[in-house]
Amino acid sequence: MKAKKYIFCLITVIILLLAAEVAAYGADHQHVFSALYTAVPTCTEKGYTVFSCDCGYSFKGDMTDSLGHNYSKETVCFKQSSCTEKGEGGRYCLRCYAKTDTVFYGKTAHTPVYVTEKATLKKDGEKRKECSVCKKLYSSKAISKASSVKLERKTYTYDGKVKTPDVTVKDSKGNLLKKGTDYTLKYQKGRKKTGSYSVRVTLKGNYEGTKTLYFKIRPAAVKSISAVPSLTSVLLSWSKAKGSDGYEIYLKGKKNTLIKDTEKLSYTVKKLDGKKLESGKEYTFIIKGYKKSGDERIYSASKKIKVVTKPQKAKIRKLTASSGKITVKSVKQSCRGYEILISTNKSFSNAKSVSVKSGASLSYTFKNLIKGKKYYVKIRAYVVSGGEKYCGYYSDVKTVKA
């Protein structure tokens, strides 16, 4: 039913087209044909010319026979044999390349080769035996990556000698790689003066890749640090540190505070955070040398020194006497102790001196004195810094009868 319906629709369309042609050109229209194009014959297809009228009607004419194949005389290889596919040969048409008299050749043997995928610093490698054509695998052995490349030392102290730190290279299994076989080293020239230097590690053999390591030669540590305190300042001095361009001075604390950056070998600390140093107080200073290397500073080992500023002028708070005894009491101040001078004359030419370690305040009694005799007394506080004893100014002189 569907085929009949289709044929009916096709006939209807043809009738309508003929009707339209007659309407356009009239019932007495005469076709005038001209060659539209010519298709040449091929090995399997006929040749022909298409003729067309202005009214749109066209037809094929001047039909010619197909040419037929023109096969080569000799047999040729169409596809080489491999270890995965058979080869193919035969004769072919010289015009359309159609095949005939096809023959097939057997597969070839595998071609084993050894392949090495080199390990890197981040990736394992592999040694394997495989067919070069089909990649058939015969054997395989992993090459662990060179995951650890370290310098024997990263820091040296300047001594005027060339530094050549060794390098240790290990794979991810912890095995040592061999210098010369698995890697080479190239050191930056110099490596004697204070500064930063490089070592280039180049992997070779079963490995590939590079890594650059750095080490420093820092200045020698500062030596012979000394401190001379006054009431509200401290004079710091030190000897020249070999390899240093300058020095940094810090106040030691929870967070060390930079006080001074200097190229000199001494500095007087007068203020901290804009305030004068307190008398009789202990301070710890840190001094370290540095060498400029581009925008970087390479520091020496730091050295520290403790120092106590001199105490203030002492004051006698109370002087009492009874039955050949005199008791001296001071005003409280920051110090380690006091020195007391007592004499029967105001010039203190025959004075007796007593040193009393007493902390912040003094209370000391002289005994076996001449009863009724007038005595002159003065005191001064002292501190100890770096094994040295530093005294403040004497108090005003006071007198009393024993």
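**Exercise 1. Classify serine 52 as buried or exposed, and place it in its surroundings.**

Step 1: Serine 52 has a relative accessible area of 18%, so it is buried (buried means under 20% relative accessible area, exposed over 50%, partly exposed in between, with a 1.4 Å probe and protein chains only). Before going on, note that this is a predicted model, where local features need pLDDT of at least 70, side-chain atom pairs count only at pLDDT 80 or more, and totals for chains, interfaces and linings use all residues. Residues are numbered from 1 along each chain as its sequence is written, and side-chain values use heavy atoms, with hydrogens and water left out.

Step 2: Serine 52 sits in strand E2 (helices, H or I of at least four residues, and strands, E of at least two, are DSSP runs numbered from the N terminus).

Step 3: Leaving out residues up to four places away in sequence, its contacts are Val32, Phe33, Ser34, Leu36, Tyr57 and Ser58 (contact means heavy atoms within 4.5 Å).

**Exercise 2. Describe the setting of tryptophan 238.**

Step 1: Find tryptophan 238 in strand E17, residues 234-239. Its relative accessibility is 5%, so tryptophan 238 counts as buried.

Step 2: Look for partners beyond four places in sequence: tryptophan 238 is in contact with residues including Val222, Ile225, Tyr247, Ile249 and Ile287.

Step 3: Compare sequence and space for one pair. Leucine 265 is 27 residues from tryptophan 238 in sequence, while their C-alpha atoms are 5.6 Å apart.

**Exercise 3. Work through the salt bridges of arginine 91 and glutamate 339.**

Step 1: Start with the total, 16 salt bridges in the structure (a side-chain nitrogen of Lys or Arg within 4 Å of a carboxyl oxygen of Asp or Glu).

Step 2: Arginine 91 and aspartate 101 pair at 2.9 Å, N to O. Because arginine 91 is in strand E5 (residues 87-92) and aspartate 101 in strand E6 (residues 99-105), the pair ties together parts that are ten residues apart in sequence. Arginine 91 is partly exposed at 23% relative accessibility, and aspartate 101 is partly exposed at 45%.

Step 3: In the bridge between glutamate 339 and lysine 389, the closest N and O atoms are 2.8 Å apart. Glutamate 339 belongs to strand E28 (residues 337-343) and lysine 389 to strand E32 (residues 388-391), so this pair ties together parts that are 50 residues apart in sequence. Glutamate 339 is buried at 11% relative accessible area, whereas lysine 389 is partly exposed at 38%.
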